[in-house]
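Hi there,

Here is the structure I promised to pass along. Have a look at it first, and then read on for what turned up.

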Amino acid sequence: MKQKKYKRIDKRLITEGSQIDFNLFLTNETKTHMTLFLQSDSAVDGNAKVRLREIETLYISEEEEDRYKVFVDKQLQSIARNREISTEQKARLVYEKATEAIDSMFKNPESLENVKNVQPVVNSFIEIILNDSSAVESLMKITAHDYYTHTHSINVSIYTLSLGAFLGISGKELEVLGMAAVLHDLGKSKVDYEIINKNGKLTDEEFAQMKHHPSLGHEIALALGITDERILTGIRHHHEKIEGGGYPDNLKGDQISQFARIIGTCDVFDALSTKRSYKDPMTSFESLQLMKQQMVGHLDMDIVNSFIKMLHKQGKS
Ligand SMILES: [Fe+2]
């Protein structure tokens, strides 16, 4: 008989009252065999929750991984809605799950499934941002301060969703905006790894290569079957400049979609406020000041001003 394989899972997702449709296992001290902790098709009751506190790690059988994934998607959103879990904890959990989903997306950007797996993450961010006035602040505390493409994508999504909500974007449209933000740098998966992770400023030639990422991302999105213009332009035009001179299409003003302008603003803010190998991070205040004073022809100042108001409101709540 084929040996069963097990996969470690995040036990914080097994909350009291949830219904599981897969078996949960735990292992003995010497990790030589698995025993059943909770059977499929049962509810996690108070008793199970108490026992769960004593257990370090839970496992599922790999055969049931698909069912577990569906469960995680549903759980993330109900955790985000749960008033008994602190904002800090929620933010941490959702951020961690986002990192996992976006990591796999960048590893294999041609997989439609990987891209689809990102939508529940976006939706759970929306859930906590809309329902909790201190969520953005909590999320900002845990946003990674070192720059990597995947953490940058998450940070930009958080800022974009908060700003979008502040500007009155809601419902399905906010979900689309979140997807556009998550996907905005997808094209970087096609740029040389050494250029993306270079320890220092890029040479002109390297920068020329780097500049292909918006159109490469646009191509990947098209190949995946994404047809929503708001997502496609969000990816392709997030490096365009309001007075022209940006890339790849040298657009101006209204030619740049609202989504691309929002994402472009949040992109710059995250780039300035995170640490790069060749520069220290700026504080939020310094970043905003630079954006306002030195990026007038580059960014849409109405959007920058709204971004400042949104962060200010967050700080006060
Ligand atoms: Fe970019």
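Let me start with Asp 41, which counts as exposed because its relative accessibility is 60%, where the cut-off for exposed is over 50%. You will find Asp 41 in the loop between β4 (34–38) and β5 (42–43). The backbone is worth a glance there too: phi of Asp 41 is near 65 degrees, a positive value in a residue other than glycine. Most residues other than glycine have a negative phi. Please keep in mind throughout that this is a predicted model.

**The overall layout**

The protein chain is divided into domain 1 (1–68) and domain 2 (86–316). Between the C-alpha centres of domain 1 and domain 2 there are 36 Å.

**Other backbone spots**

Asn 250 also has a positive phi, of about 50 degrees, although it is not a glycine. Asn 250 sits in the loop between α12 and α13, and it counts as partly exposed because its relative accessibility is 48%. That loop, between α12 (229–236) and α13 (258–273), holds Pro 248 as well. Pro 248 is joined to Tyr 247 by a cis peptide bond, with omega about 5 degrees. Most peptide bonds are trans.

**Strand β1**

In domain 1 (1–68), have a look at Tyr 6, which is found in strand β1 (residues 6–9). With a relative accessible area of 29%, Tyr 6 is partly exposed. Tyr 6 and Ile 60 are 54 residues apart along the chain, yet their C-alpha atoms are separated by 5.5 Å. Leaving out residues up to four places away in sequence, Tyr 6 touches Phe 25, Met 34, Tyr 59, Ile 60, Ser 61 and Glu 62.

**Helices α5 and α6**

Now for a pair of helices. Helix α5 (residues 118–131) packs with helix α6 (residues 135–142) at an angle of about 125 degrees, and their axes are 7 Å apart. That angle is why α5 is described as oblique to α6. From α5, Phe 125, Ile 128 and Ile 129 meet Ala 135, Val 136 and Leu 139 of α6. Sorted by class, this contact has 6 nonpolar residues, with no polar and no charged ones.

Helix α5 also holds Glu 127. Is Glu 127 buried or exposed? Glu 127 is buried, because its relative accessible area is 17% and buried means under 20%. The side chain of Glu 127 makes a polar contact of 3.3 Å with the side chain of Arg 81. Setting aside neighbours within four places in sequence, Glu 127 is in contact with Gln 77, Ala 80 and Arg 81.

**Helix α8**

Ala 181 is found in helix α8 (residues 171–183). This residue is buried, with a relative accessible area of 0%. Which residues does Ala 181 touch, not counting those up to four places away in sequence? They are Ser 153, Val 156, Ser 157, Thr 160 and Ile 263. As for Ala 221, it is 40 residues from Ala 181 in sequence and 13 Å from it in space, C-alpha to C-alpha.

**Helix α13**

I would finish your tour at helix α13, where Phe 269 has its place. Phe 269 counts as buried, at 0% relative accessibility. Beyond residues up to four places away in sequence, Phe 269 touches Met 140, Tyr 159, Ser 284, Ser 287, Leu 288, Met 291, Phe 307 and Leu 311. Gly 164 is 105 residues from Phe 269 in sequence, and the two are 15 Å apart in space, C-alpha to C-alpha.

Ser 273 is found in helix α13 too. Its relative accessible area is 11%, so Ser 273 is buried. What does the side chain of Ser 273 reach at 2.7 Å? The partner is the backbone oxygen of Phe 269. Again not counting residues up to four places away in sequence, Ser 273 touches His 145, Pro 281, Met 282 and Ser 287. Ser 287 is thus a residue to click on here, as it is touched by Ser 273 and is also among the residues that Phe 269 touches.

Happy browsing, and all the best!

Definitions and conventions. Residues numbered from 1 in each chain as written. Predicted model: local features only at pLDDT ≥ 70, side-chain atom pairs only at ≥ 80, totals over all residues. Heavy atoms only, no water. Domains from an automatic or database assignment. Axes fitted to C-alpha atoms, helices over the stretch in contact; angles between N-to-C directions. Helix = DSSP H or I, 4+ residues; strand = E, 2+ residues; numbered from the N terminus. Parallel < 35°, antiparallel > 145°, perpendicular 65-115°, else oblique. Contact = heavy atoms within 4.5 Å. Nonpolar A, V, L, I, M, F, W, Y, C, P; charged D, E, K, R; others polar. Buried < 20%, exposed > 50% of the residue type's maximum accessible area, 1.4 Å probe, protein only. Polar contact = N/O pair within 3.5 Å; in protein donor to acceptor, adjacent residues only side chain to side chain.
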